[in-house]
Structures are given as C-alpha cells and as structure tokens.
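Reader: I would like a close look at a single part of this model, the enclosed space inside it and what lines it. Please then go on to the neighbouring elements and to other contacts worth listing.

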Amino acid sequence: MTHGTRSQGPVADGRHTVVVGGGLAGITTALALADAGVRVTLLEGRPRLGGLAFSFQRGDLTVDNGQHVYLRCCTAYRWFLDRIEGAALAPLQDRLDVPVLDVARPEGRRLGRLRRDALPVPLHLGRSLATYPHLSLADRAKVGRAALALKGLDLADPALDAQDFGSWLAAHGQSARAVEALWDLVGVATLNAVAGDSSLGLAAMVFKTGLLSEPGAADIGWAHVPLGELHDRLARKALDSAGVRTEVRTRVTSVAENANGGWSVQVPGETLEADAVVFAVPQREAYDLLPEGALDAPERLLEIGTAPILNVHVVYDRKVLARPFFTALGSPVQWVFDRTEASGLREGQYLALSQSAAQDEIDEPVAVLRERYLPELERLLPLTRGAEVKDFFVTRERTATFAPTPGVGRLRPGARTKASGLYLAGAWTATGWPATMESAVRSGVGAADAVLGALGRPRPRHLFEFEEAA
C-alpha cells in the first residue's frame, strides 16, 4: 500500500490538536489526525521520536536500545509501517520458525523448532508440537488440550483479568517443563512476565490471537535496519509530509482548560492553544499532567506497575551464529538476535540478547552480567569458544512495559477522559493488548478516532483498513 498521493494531506481547517509524546502512540495519533485534515502539533521531550523503540550510536555501531519484534497478527503496527513507507525494512518471516536450543541436552541434539505448516488452525502447529523434542509425549498431548481450552475462553469476560495464567495452566495439566519450554517461551517475550505473574486475560489474548486465530498470525517480523530509521527518520518524514508541526526537546510544563472551552499547553517560551489535547506519554507522566477531575480515580494510573527489559550486546571478532535468531532453554539466555548487518558492523558478528521480565538483573553491574552471559553463550554456541569479544555492553529499560499483572485490566483507562477535548494514548491504555508496539499504535488510532468524533470530522477510511484485516 503506498501513500505517496496523500503527502500533501487534506487542507487543514482551523481546528488544532496538540499531541504530547512522540512515541508510536503519539506519532500514530498525529498522522491519523493530519490525514483527516486536522492541524496538529506533536511535542516530544527527547531529542528524537520513537519513544522506547529507538537507536543510538556507539562508535561505528548503530545500536537499538532493545530488540523489538512484531507478529503478522499485529495489523495496526503493520498499517503504521505501511504509512511511514517502512514495511520493506521490517519484513515478516514467510512462515513461523523459531529455533529453540536446550542447553541441558547433549550437543548435536539440542535443537528443537516451533514452526507452522500451511494447514488450518489448530493443525498448523500439530506436526511441530508432535516432533518438538523439548517436551515429553505426555506433555505434548496435554499442551494440545490446554490450547483448545484457551481457544474456548471469552476475552470479553472481565473475570479472566483477575486470574493468573500460571494457575490456569497448572489447572489444565501443564507441567513446569511445559510452561518453561513452551508457554513462557512465548509469553515472557510478549507479556514481559512469567505465566504466574500474568493476567489470564492478557495471556489468553496473546495466545488466541497469535497462535489460534489464523495459520500465519504468529509469523515474526523485525527491523532489518536500526529502529531509529523507522520510528524517527521515516516517521518524521511522514509527519512532515502530512503537515504536522513536530517539536523535539520540548517538554510540556502544564496543560489547562481555558475560558473558551479549549486548552492551553505550556512549553518553555510558548503557549499553544488547542481544541483538543492527547497525552501520549507513560502513565506516570499522564498522571502528573492530568487536570483535576479528568479521571474518576487518577491514582489508578500509579497502580499500573512497570516491568524491566535488559538487553545484553556482544560483538565478536568472527561469525558465531548462522541463523538470524534463536531462543534458549535451561539457560538465563532468552532470545538472541544477529544485529550485525543492521548495526553497520563491517567485520565479526554482533549479537543482541533480549532479556524480558528482568527484575532480578536490571541493576546488576556490567561486569557481573559479563561473567554470567559470556559463558552461557559459550555453552549455547560452540563457535564462540575460540572467538574474541570485541565489545560487551548492556542497555536497560527499567520501565520498558506496564506489568501485565492480574487485575491490571481494570486500571487501564480508555482514550476519553471526563475533560472535554482531553484524550489518552499509550500502550498502557485499554487496548486489550499487552505492552507492545501493536498496543501503542492501536491506542493512537483510538485517540485519533475519539478526537475526530468530538470535532465532528469523518475518520479517514484508510486508517481503519487494518481493523477489517484483523
């Protein structure tokens, strides 16, 4: 889908919306509103767009702060990639294929794979599970039964939010090994929590949508370029073409309703007048900016916990991994991606380890992490044993996502507030999804839709094509 024809954007009328926050939620809100002919100013405190999915320079390397992936079922994020003309730079696998290495098994017999066939659901995963070497025969049979029970859950039932996924799995015959080798393999990466700490509602949503909706839903996509290329440079280009005024390094100090029913947004050296304001910022920041009475129980925003992600970056003097990524069992290592080409590394190989639910490690010194992870990589990848480590560093996102704990669903607000003309966006709002790029983009669409409804503007049809695709 190309959007070159829309580069001039519809002619904006006198209505003005200020979007606070230049992550994926804010960029989406701004693009959607501009495409519908609304004049938009986007304000971001950092020197770049992209929120928590960004890149930085380290010598000659362009490094992503963390490895981000998406799935074929992430129709909103795929719409976003199309809209910024970046889809070709973050391709999807032709067909789900996840190499799983189990360190506890003898070398040469460690590799299992989770992949799909071109068969209808749930048969598409049948052969893969039947031959998956990391589960016993009994466990494989029980996994199938639990998957069918999961498929039968009603995601609209609020009772699911109050239960934890781990207890539900145990009640459905899942052994600790099955949880480790299958359910948490997927769940920790998508939910940023182990099954016992996850809301059944969010976990069921992930597994029903990703693995049990249509055969290709869980095919994995990831950026083959630095994330900043997508979420900063291409996003900025799309915003400029759509006529959005984008200001980075611009912190909002206060937001107040003015006498004529509009809003005054204060930034250093300027007051912006707006018909509508969207807070597309993390929940704590939204809480600090919210005017009195905008939400019934604003303190609930502070009850939405956060969860960290640790990323370990290792540059070797030679190639040590032949595949684009793998995931590990029996090791603290979770997912490992080859970032050599994307980072611009000329020789050797650069691996990025993405460690979700990293509460126990997020504050560990680099030296401790180095002592822990280099020997683990040697256990997993025989070719690392004679290789020289040219660089080792870590990036830490202490508040990478909201914590998907049981009960979090009732804390997540929708796009509309009680203050006329004030809206919320962000992966943490009530999108039904866990804290993913998909959730962020969906929240931006929801906020834009609410603003357009209030301004009496028709919503641009192309924006909701992804809903029909879903």
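Author: What follows describes the cavity first, then some residues around its lining elements, and then two helical regions elsewhere in the chain.

The model is predicted. The count of cavities of 30 Å³ or more comes to 1. The volume of the largest cavity is about 60 Å³. Its lining consists of Thr62, Val63, Asp64, Gly66, Gln67, Asn311, His313, Arg339, Ala342, Ser343, Tyr350 and Ala352. By class, these lining residues divide into 4 nonpolar, 6 polar and 2 charged.

Four elements each supply at least two residues of this lining: strand β4 (61-64), strand β14 (306-316), helix α12 (340-343) and strand β17 (349-356). The largest share comes from β4, with 3 residues.

Strand β17 also holds Ser354. Is Ser354 buried or exposed? Ser354 counts as buried, because its relative accessibility is 10% and the cut-off for buried is under 20%. Leaving out residues up to four places away in sequence, Ser354 touches Gln67, Ile309, Leu310, Asn311, Gln334 and Trp335. Among these contacts, Gln67 and Asn311 also appear in the lining of the largest cavity.

The loop between α12 and β17 contains Gly348. With a relative accessibility of 24%, Gly348 counts as partly exposed. Its contacts, again without residues up to four places away in sequence, are Tyr316, Asp317, Arg318 and Thr340. For Tyr316, the C-alpha atom is separated from that of Gly348 by 5.5 Å, although the two residues are 32 residues apart along the chain. Two of the contacts of Gly348 belong to elements named above: Tyr316 falls in β14 (306-316) and Thr340 in α12 (340-343).

The next part is helix α2 and the loop that comes after it. Helix α2 covers residues 75-83 and is mostly covered, with 7 of its 9 residues buried. The buried residues are Thr75, Ala76, Tyr77, Trp79, Phe80, Leu81 and Arg83. Just after this helix, Glu85 takes a positive phi of about 60 degrees.

Leu89 lies in the loop between α2 and β6 (97-102). Its relative accessible area is 27%, so Leu89 is partly exposed. Which residues does Leu89 contact, leaving aside its neighbours within four places in sequence? They are Trp222, Ala223, His224, Val225, Glu229, Leu230 and Leu234. In the case of Val225, which is 136 residues apart from Leu89 along the chain, the two C-alpha atoms are separated by 6.3 Å.

The last part is a pair of helices. Helix α7 (residues 176-191) packs with helix α8 (residues 200-211) at an angle of about 105 degrees, and their axes are 11 Å apart. That angle makes α7 roughly perpendicular to α8, because angles from 65 to 115 degrees count as such. On the α7 side the contact involves Trp183, Val186, Gly187, Thr190 and Leu191, and these meet Leu202, Ala203, Val206 and Phe207 of α8. By class, this contact has 7 nonpolar, 2 polar and no charged residues. In general, an α-helix has 3.6 residues a turn, so residues three or four places apart point the same way. Among the α7 residues in the contact are Trp183, Val186 and Thr190.

Note on methods
Residues are numbered from 1 along each chain as its sequence is written. This is a predicted model: local features need pLDDT of at least 70, side-chain atom pairs count only at pLDDT 80 or more; totals for chains, interfaces and linings use all residues. Side-chain values use heavy atoms; hydrogens and water are left out. On a 1 Å grid over the protein atoms alone, a cavity is a set of points where a 1.4 Å probe fits but cannot get out, and a pocket is an open set with protein on both sides within 12 Å along at least five of seven lines; lining residues have an atom within 4 Å of a point. Grid points are joined across faces, edges and corners, and a volume is the space filled by probe spheres set on the points. Ala, Val, Leu, Ile, Met, Phe, Trp, Tyr, Cys and Pro count as nonpolar, Asp, Glu, Lys and Arg as charged, and the others, Gly among them, as polar. Buried means under 20% relative accessible area, exposed over 50%, partly exposed in between (1.4 Å probe, protein chains only). Axes are lines fitted to C-alpha atoms, for helices over the stretch in contact, and angles run from 0 to 180 degrees between N-to-C directions. Angles under 35 degrees count as roughly parallel, over 145 as roughly antiparallel, 65 to 115 as roughly perpendicular and the rest as oblique. Contact means heavy atoms within 4.5 Å.
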